[in-house]
Each structure stands twice: as structure tokens, then as C-alpha cells.
Amino acid sequence: MAKKAFNIDPVTMRSMPFWCVGNPLSDPFGGSVLPKIDSIEVAKILAEAAKEGLIEATSFHDDDLVPWDPANPNDDLDKKSATYQKLQTIKKILDDAGLKINMATCSLHGNSLFRNGGLTNPDPKLRALAKKKCERNIRIGAMFGAKYLTYWVARDGFEVPVAVDWKNVYNWLADALNGAYDYIKKNKFTNYVGMTIEPKPNEPRGHMFLPTSGHAVGFIYGKLKHPEFYGINPELLQHESMALLNAVHTVGYLTSMKKLFFLHFGSQIKAQFDNDFPPLIGPEGLKETVQMFWALRKVGWKGVVEFDCHMLRADGDPSDPIGCRKKFVRDCIRALSTTLVLADRLMELKTEGLSASDVDLAATALMCKLDKKTVAEWM
Ligand code: XLS
Ligand code: MG
């Protein structure tokens with residue numbers, strides 16, 4: 001069993017997903033640095049991290065666990081199938097380590113069939129196939145007791161605005177997400193406490209249909225039949241930073257709308273492609289990351305922080321593909337703990353009667369434990 005429940009405000013559980021640990025670190029300019037490892041190996045790394053008391057939860061795409069064959073979309077239901085048996089093996093490893101499942105999400109980005117979109121593909125046959133794949137993923141999530149079902153926008157987007165069927169595209173998306181709700185209820189999958197939308201402005205498409213948290217919240221209230229069931233898992237700093245937005249603002253808005261269901265966490269250089277750096281790694285974002293956790297504490301939010309990042313390509317060690325992956329998990333945990341310590345220091349911040357600039361300098365002094373005297377000596 002995991003050593004103890006982690007409960008340092010605002011974090012109730014630390015979740016490390018399968019795809020972050022399994023990532024072989026390829027990029028558009030070069031192939032994989034690390035060998036791909038089997039999902040059972042990934043499960044073992046996660047189980048070990050849980051036993052060491054580093055994580056309490058994990059998450060997965062269907063494709064992270066078992067392959068998908070479009071010609072056999074219900075293989076998980078056959079207890080004799082290789083799919084069912086492998087899922088059970090993985091589940092036992094995770095259960096024995098006391099790991100909870102935060103979310104299950106359907107991969108609609110990996111298979112080239114969905115190159116022009118999954119749930120919003122203009123071809124009705126491909127939309128139906130994407131829906132079938134989502135249903136299988138919902139069943140797999142139920143088998144593992146996942147708390148949330150997540151829809152990340154993936155390849156639902158466009159490069160050519162005049163090629164998009166604007167009259168229908170958001171209706172297709174609403175049909176699919178309303179359909180996922182109906183499927184959960186029809187099958188009495190009570191493990192799911194809600195569904196989340198994970199917005200992203202671009203990558204892998206030139207533009208995505210739900211680019212920011214604001215777009216996604218509007219969509220929930222404007223188009224979905226059970227808005228109370230759906231929330232957002234923003235990916236901060238990465239996804240909103242790619243569009244030059246500020247993470248403190250995003251969590252402030254989402255908590256006030258009661259739509260921050262959980263957090264995807266990592267680091268990002270503003271306006272770049274999706275860096276997916278581990279938290280606090282890279283040249284930017286220390287203030288923003290710490291202030292985001294300060295804001296979450298200020299508003300009294302509590303919830304799951306799920307890493308969504310990968311190790312730097314430069315840190316990948318092909319001669320020790322398991323060892324460097326374990327180190328990556330520890331680095332992420334160390335970064336979160338560092339953030340929590342720094343955010344805790346900020347809780348003493350006083351703002352009354354101070355200018356905005358004074359507040360900001362005082363916050364930096366508090367975060368870095370600088371006393372006024374030392375700063376004055378350097379003036
Ligand atoms: C990609 C997303 C993705 C989702 C899960 O940018 O972060 O990994 O979190 O599909
Ligand atoms: Mg993410």
C-alpha cells in the first residue's frame with residue numbers, strides 16, 4: 001500500500017500518468033532517445049513510486065495500456081482476449097501498490113485514421129469510429145475505477161478555416177460529449193464523478209476547437225445537457241502559456257466558476273510549442289507557478305495535481321531507460337514540493353495600503369526569504 005495519504009494544501013493527491021513515464025522522448029527533429037517500454041513495465045515503475053510514498057494516483061489513455069484494433073472494438077469485453085488479460089495484469093500491479101486512477105482519456109491523436117479529427121471529423125464514419133473507441137475507453141476506465149473521464153481536444157481542430165463546417169462542428173462535439181455522459185449513466189459506471197475538458201490552443205493542429213479554459217467553460221454551459229457533470233483540467237503552465245495567458249488568472253477564473261476539477265502540471269516557455277518541461281524546469285515560470293499554488297490556497301481549492309510533462313530529451317539515458325524514468329518521477333515530486341514550500345511562504349503576504357509594485361516586491365522577498373536589511377545593503 002502507498003505509505004500515507006498526501007494532504008498538503010491544496011494538493012489531495014499527486015498523480016503521475018502512464019504516458020509521461022512511458023514517453024520515449026522523440027521530437028519532430030529526431031527519433032526516440034529511449035526505448036519504448038511495455039505498459040506492464042510502466043505500471044511497475046508507478047507501483048514502486050507509490051510504495052516509496054511519492055505518488056498516490058495515475059492516469060492513462062486507452063492506447064497507453066493496450067493496443068486498439070478498429071476491426072475489433074469490443075475486445076475488452078471478452079475475458080479470454082489478450083486485451084482483457086493484460087488490463088487485469090496492469091490493474092493488479094496498480095491495486096497492490098494502492099494506486100488510485102485519477103482519469104481515463106481516449107487517445108484520438110495517435111492513430112493516423114484520426115488525422116483530420118476524432119469527435120469532429122467531417123467524415124461521419126470516422127466520427128462514429130471515434131465514438132466507439134471512446135466507449136471502449138470509458139469501459140476500461142470503469143474497470144480501473146477512474147474518477148474522471150477526460151476529453152483532451154487532440155486533433156479536433158483545423159489549419160484551413162474555410163475547410164471547416166462551422167455550422168455543425170460544435171454540434172458534433174456536443175453530441176459526442178453528451179453521448180459519453182449517456183453511456184456512463186446507461187452502464188451505471190458510478191466510478192466517474194465527472195468529465196473534464198482539457199483545452200489547448202494549438203499543436204497538434206494549427207488551431208484547436210477549444211483553445212482556452214474560457215472557450216471550454218462557455219462550451220459546457222452553452223452546449224452540454226448536464227453542465228454540472230463537466231469541468232476543466234487546465235494544463236498549467238503549458239497550454240494557457242502557449243497562448244500568452246497567465247496561470248494565476250486561469251485558476252482564479254476556473255475556481256470562481258467551480259470548474260477546476262483537477263490540474264495538469266508542468267512548465268513552459270511562453271508562446272513556444274508545447275514544451276511539457278517538468279515543473280520548475282526551464283528558464284521561465286517560477287513566480288507564476290508559485291503564485292498559482294498561492295492563489296489555489298487563497299481560494300480554498302483542494303484537489304488532484306497531475307503531472308503532464310516528460311523528462312528533457314537531454315536527460316534521457318538510453319543505457320538506463322528504467323533508472324532515468326524513475327529519476328524523472330522523483331524530479332517532478334521534488335519540484336512540486338519545492339513549489340508548495342515557496343507558496344506557503346507567500347501566505348504571509350500583506351497587501352493592504354501597498355502599491356501593486358510594493359506587493360510584488362514583497363512577495364518575491366517572502367518567497368526568497370530576503371530580509372529588508374540585506375536588500376538595503378545592496379542598494
Ligand atoms: C497534450 C495533452 C495530453 C492530455 C491527455 O498536450 O496534455 O497529454 O493531457 O490526452
Ligand atoms: Mg495534459
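**Close-up 1. Helices α9 and α10, packed side by side in a predicted model.** Here the axes of α9 (residues 247–256) and α10 (residues 286–299) come within 8 Å, and they cross at roughly 20°. Angles under 35 degrees count as roughly parallel, so that label goes to α9 and α10. As for handedness, this crossing is right-handed. On the α9 side, look for Ala247, Val248, Val251, Gly252 and Thr255; they meet Glu288, Gln291, Met292, Ala295, Leu296 and Val299 of α10. Sorted by class, the α9–α10 contact has 7 nonpolar, 3 polar and 1 charged residues.

**Close-up 2. Helix α5 against helix α6.** What is the angle at which the axes of α5 and α6 cross? It's roughly 30°, with the axes of α5 (residues 124–144) and α6 (residues 169–186) coming within 11 Å. The pair α5 and α6 is therefore roughly parallel too, and α5 passes α6 in a right-handed crossing. From α5 the contact draws on Arg127, Lys131, Cys134, Glu135 and Ile138, while α6 supplies Trp172, Ala176, Gly179, Ala180, Tyr183 and Ile184. That works out by class as 7 nonpolar, 1 polar and 3 charged residues.

**Close-up 3. Helices α11 and α12 at an oblique angle.** The axes of α11 (residues 321–346) and α12 (residues 356–367) come within 8 Å and cross at roughly 130°. That angle is why α11 counts as oblique to α12. The crossing of α11 and α12 is right-handed. Leu342, Arg345 and Leu346 are the α11 residues to pick out, and they meet Ala363, Leu366 and Met367 of α12. The residues of this α11–α12 contact split into 5 nonpolar, no polar and 1 charged.

**Close-up 4. Where domain 1 touches domain 2.** The domain assignment puts residues 11–347 in domain 1 and residues 353–379 in domain 2. Taken over C-alpha atoms, the centres of the two domains are 38 Å apart. Each side brings a handful of residues to the contact: 4 from domain 1 and 4 from domain 2. Which helix gives the most to the domain 1 side? That's α11, with 3 residues. The domain 1 side of the contact has 3 nonpolar, no polar and 1 charged residues.

**Close-up 5. Two cis peptide bonds, at Asp9–Pro10 and Leu236–Leu237.** Most peptide bonds are trans, so these spots are worth a zoom. Asp9 and Pro10 are joined by a cis bond with omega of about 0°, and Pro10 sits in the segment before β1 (11–15). The other view shows the bond from Leu236 to Leu237, also cis, with omega near 10°. Leu237 belongs to the loop between β9 (235–236) and α8 (238–242).

**Close-up 6. Glu203 and its positive phi.** Where does Glu203 lie? You'll find Glu203 in the loop between β6 (194–198) and β7 (207–208). Its phi is about 70°, positive even though Glu203 is not a glycine. Most residues other than glycine have a negative phi.

**Close-up 7. Confidence along the chain, from helix α13 to strand β10.** The mean pLDDT of the chain is 97, with 99% of its residues at 70 or more. Confidence is lowest in α13 (residues 372–377), where the mean is 92. At the other end of the scale, strand β10 (residues 263–265) has the highest confidence, at 99.

Key. Residues are numbered from 1 along each chain as its sequence is written. Chains are lettered from A and ligands numbered from 1 in the order in which they are written. This is a predicted model: local features need pLDDT of at least 70, side-chain atom pairs count only at pLDDT 80 or more; totals for chains, interfaces and linings use all residues. pLDDT is the predictor's confidence in each residue, from 0 to 100. Helices (H or I, at least four residues) and strands (E, at least two) are DSSP runs, numbered from the N terminus. Axes are lines fitted to C-alpha atoms, for helices over the stretch in contact, and angles run from 0 to 180 degrees between N-to-C directions. Angles under 35 degrees count as roughly parallel, over 145 as roughly antiparallel, 65 to 115 as roughly perpendicular and the rest as oblique. A crossing is left-handed if the near helix is turned anticlockwise from the far one by less than a right angle, and right-handed if clockwise. Two residues are in contact if their C-beta atoms, placed from the backbone, lie within 7 Å. Ala, Val, Leu, Ile, Met, Phe, Trp, Tyr, Cys and Pro count as nonpolar, Asp, Glu, Lys and Arg as charged, and the others, Gly among them, as polar. Domain bounds come from an automatic or database domain assignment.
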